[in-house]
Structures are given as C-alpha cells and as structure tokens.
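Here are my notes on the structure shown below, set out as numbered points that can be checked against the coordinates.

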Amino acid sequence: LIDRESPQAAETAHVADPAFRRDIIEGLSRPVKATPPVWLYDQRGSELFEAITHLPEYYPTRIEIALLNRHGEDVAALAGPGRAVVEFGAGSARKTPPLLRAIEAGAYVPIDINGAFLRESTAALASALPSLPVLPVTGDFNRPLPLPGAIEGMARLGFFPGSTIGNLEPSMAVDLLRSMRAMLGDEAMLLIGMDRIKDRDLLIAAYDDDAGVTAAFNLNLLTRINRELGGDIPVDAFRHRALWNDDKARIEMHLEATRPLDFHLAGECFHMEEGETIHSESSHKYGSRDARLLLRAGGWEPVREWTDEEGMFSLLLAEA
Ligand code: AVJ
C-alpha cells in the first residue's frame, strides 16, 4: 500500500512530486539560480531543521517559546476563551499545547500540506489535551481553504509561529495575511511570530552554525534533487553560504559552487562557474514598525507586541 501523502513513501517508490521537478528545473534554468525554500523540507530536511531549532546559535525557537510561556495569559486576556485556534503549518509540541491551554481554546485546527506530519502532530495533541476537539485540514494554506463545519460560529485565533512568514517576499507575505484574514472571518485574531532585524553577526551565526547543521540542511537539497530527480550534482563541490542582504533586510542561504562544474538532471545539462550560487532560502527580518505595516497591509490591526529583553524576536497579536 502506498500512502500518497507520505514523503517517505514517495521516496521509496522513487516517484518525484511533479511540482518539485517543475520548480527545480525552472529555478536552476534561470540566469540567477534560485529554488523555493519549501523543497528543503523532505524527511531528512525536516529532521535537520528540528536539530537547528536546538542549536545554541539559532535563537528564534527558544525565544518564541519563552515569549509564548511568559505571555500566554496576556494573549488569553485579550482573545478570551473558547476560540478555535487555526494553526498554519503542523503544530509543534513545544509551542502549541501550552498556547491552547493558556487561551482555553474551544477547538484546534492544524493546517498542513504534509498529511503525514499533520497526523503525527494531531496524535500528539490528542494525547496532550484529550478533551480538545482536534480537526486537521490537509492543504496549502497559501490559498483560502474551507474550515471544518464544526467550528462554524466560533471566533478564531490564527496562529502562525516560527517567523515562517519571513520566508516570503513582502508582497507574497501580504497576500498570505489577506488570505488568512478571508479564511478566519470578522471576529478573528492572529498571533504571529516575526524575527527582528539585529546585529548581522548574530543573524549570520544563526544561519551558519559551528556544528554545520544548517550547512547540512542546505546541502541536503542537492542530495534530494539527485535522489528524486535522478541528478548527478557533485554535492562535494558545493558549500553552504549564509549572507545578510541589508537592502532587503533578509538572511539568504545559498549553495555555492567551489569550482566550475556541470551536472545533468531530467535530461538537461546545467553549468555553474566557480563562486556561482543557487539561492535556496530567504528569511526576512522585521523591525517593530515594519511588522505593524506588514500586518496592516495584510488586513490585520496590531493589538499588542511582546518581545524579549534584547528585542531579538517578536510575538504579535492582531485583530481583523
Ligand atoms: C522555518 C523558515 C522560519 O527562516 O529561520 C532555519 C528556516 N533556515 N535555518 C528560518 C531556517 C535555516 C526557518 N524558518
């Protein structure tokens, strides 16, 4: 039996997602090579990202969890009890159950494109909070999705942690916020994590750690391309680069060719010069005013912002 929603099953069967093939070929054929960050997260990539969240240099997860624990009661006071919490991305056990408890959620609706992850986090949630109705939705939340009928008439709280919004170009981030606004309705609130602009050395260290976990995470994309698309990319001839693009206020991850090289995939030949890169991810950072402007452009009115003493990371609550 093949579970069509499971990435592992797809790998064992060597059946590449057609969207993966299309995005990778298209991205590598451009004059400036760039691939969508979503493809970093195969099984191995997701495990490596989980390892990143435990690194000493990677502050966002640690600080966001501390903010959620410290201010859960403040969120509860502003949002009121009984809301349906709609999480964009499968919930993390470290972030979601404490929030659901603090705000006395009436239901939990995790949305994720990966059905296997969704089932895992749903099962974990059900045992952590046995009396809470959990109503998972499999789908791409970049477009409006129908929400379960069971939360009809319940006010909603959107939850979008992790600074995942930072992966999007600002125009796409605005579109996503508007789509969330349309999906969640007039009574809705949104609790969103955003990473702040800060000292560039701290930012770069967070995306180029000493243990090399982020490097492995980035390079894994090439291994995945070789495996799933039958490529012959010389992975050893690439190195991980993390750089701060000050103009766009974002960290960029690149895969840099350390020598001139050629590779083949899906019947096409690709050439790279020494020093040429594949831009594999951007992580936009937002100052306090930037964050409020972004939320307003996306149809949300900021209500409160909580940040740590050093102003490293922000948790923002907004209303429709
Ligand atoms: C999961 C997209 C929020 O941008 O910080 C971590 C991904 N990339 N290290 C981020 C990531 C490299 C992460 N997000």
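**Notes on the predicted model**

1. Alanine 266 sits in the loop that links strand 8 (261-265) to strand 9 (268-272). In this predicted model, alanine 266 takes a positive phi of about 50 degrees, although it is not a glycine. For context, most residues other than glycine have a negative phi. Alanine 266 counts as partly exposed, because 14 C-beta neighbours fall inside 10 Å, and the partly exposed class lies between the limits of 12 or fewer for exposed and 20 or more for buried.

2. Alanine 249 calls for a similar check, since this residue, also not a glycine, has a positive phi of about 50 degrees. Alanine 249 belongs to the loop between strand 6 (238-245) and strand 7 (250-257), and with 17 other C-beta atoms within 10 Å it is partly exposed. A further positive phi, near 65 degrees, is found at glycine 311, in the hairpin of strand 11 and strand 12, where five residues lie between the strands.

3. In which order do the strands of the seven-stranded open sheet follow one another? The order is 3-2-1-4-5-12-11, and the pairing is mixed. Strand 3 and strand 11 are the edge strands, each of them pairing on one side only. Helix 6 packs on this sheet, where it touches strand 2 and strand 3, and the direction of helix 6 makes about 160 degrees with that of strand 2.

4. The parallel part of the pairing can be followed through strand 2. Strand 1 (residues 84-88) pairs with strand 2 (residues 107-112) in the parallel sense over five bridges, and phenylalanine 88 has isoleucine 111 in strand 2 as its bridge partner. Between these two strands the chain passes through helix 5 (residues 96-102), in a β-α-β crossover that is right-handed. On the other side of the comparison, strand 2 and strand 3 (residues 137-138) pair in the parallel sense over two bridges, with aspartate 112 opposite threonine 138 in strand 3. Strand 2, helix 6 (residues 115-128) and strand 3 likewise form a β-α-β unit, and this unit is right-handed.

5. Is strand 2 mostly covered or mostly open, and what can be said of its faces? Strand 2 is mostly covered, six of its six residues being buried. In a regular strand the side chains alternate between the two faces of the sheet. Here both faces of strand 2 are covered, with Ala107, Val109 and Ile111 buried on one side and Tyr108, Pro110 and Asp112 buried on the other.

6. The antiparallel part of the pairing is centred in this note on strand 12 (residues 313-319), a mostly covered strand in which six of the seven residues are buried. Strand 5 (residues 189-195) and strand 12 run antiparallel and are joined by seven bridges, and leucine 191 stands opposite leucine 317 in strand 12. Strand 11 (residues 301-307) and strand 12 also run antiparallel, joined by six bridges, and threonine 307 has serine 314 in strand 12 as its bridge partner.

7. Two helix pairs are worth inspecting. The axes of helix 3 (residues 43-52) and helix 9 (residues 213-229) come within 9 Å and cross at roughly 160 degrees, and the two helices are therefore roughly antiparallel to each other, a class that takes angles over 145. The crossing of helix 3 with helix 9 is left-handed, and the residues that meet there include Leu48 and Phe49 in helix 3 and Ala216 and Phe217 in helix 9. The axes of helix 7 (residues 170-184) and helix 10 (residues 288-297) come within 8 Å and cross at roughly 55 degrees, which makes helix 7 oblique to helix 10. Pro170, Ala173, Val174 and Leu177 in helix 7 meet Leu294, Leu295 and Ala297 in helix 10. Helix 7 also lies across strand 1, strand 4 (156-160) and strand 5, running at about 150 degrees to strand 4.

8. Isoleucine 278, in strand 10 (residues 277-284), is buried, because 25 C-beta neighbours lie inside 10 Å. Leaving aside residues up to four places away in sequence, isoleucine 278 touches Leu28, Lys33, Ala34, Thr35, His254 and Leu255. Isoleucine 278 and proline 31 are 247 residues apart in sequence, yet 10 Å apart in space, C-alpha to C-alpha.

Note on methods. Residues numbered from 1 in each chain as written. Predicted model: local features only at pLDDT ≥ 70, side-chain atom pairs only at ≥ 80, totals over all residues. Helix = DSSP H or I, 4+ residues; strand = E, 2+ residues; numbered from the N terminus. Contact = placed C-beta atoms within 7 Å. Pairing = 2+ DSSP bridges. Right-handed = clockwise from strand over helix to strand, strands pointing away. Axes fitted to C-alpha atoms, helices over the stretch in contact; angles between N-to-C directions. Parallel < 35°, antiparallel > 145°, perpendicular 65-115°, else oblique. Left-handed = near helix turned anticlockwise from the far one by under 90°.
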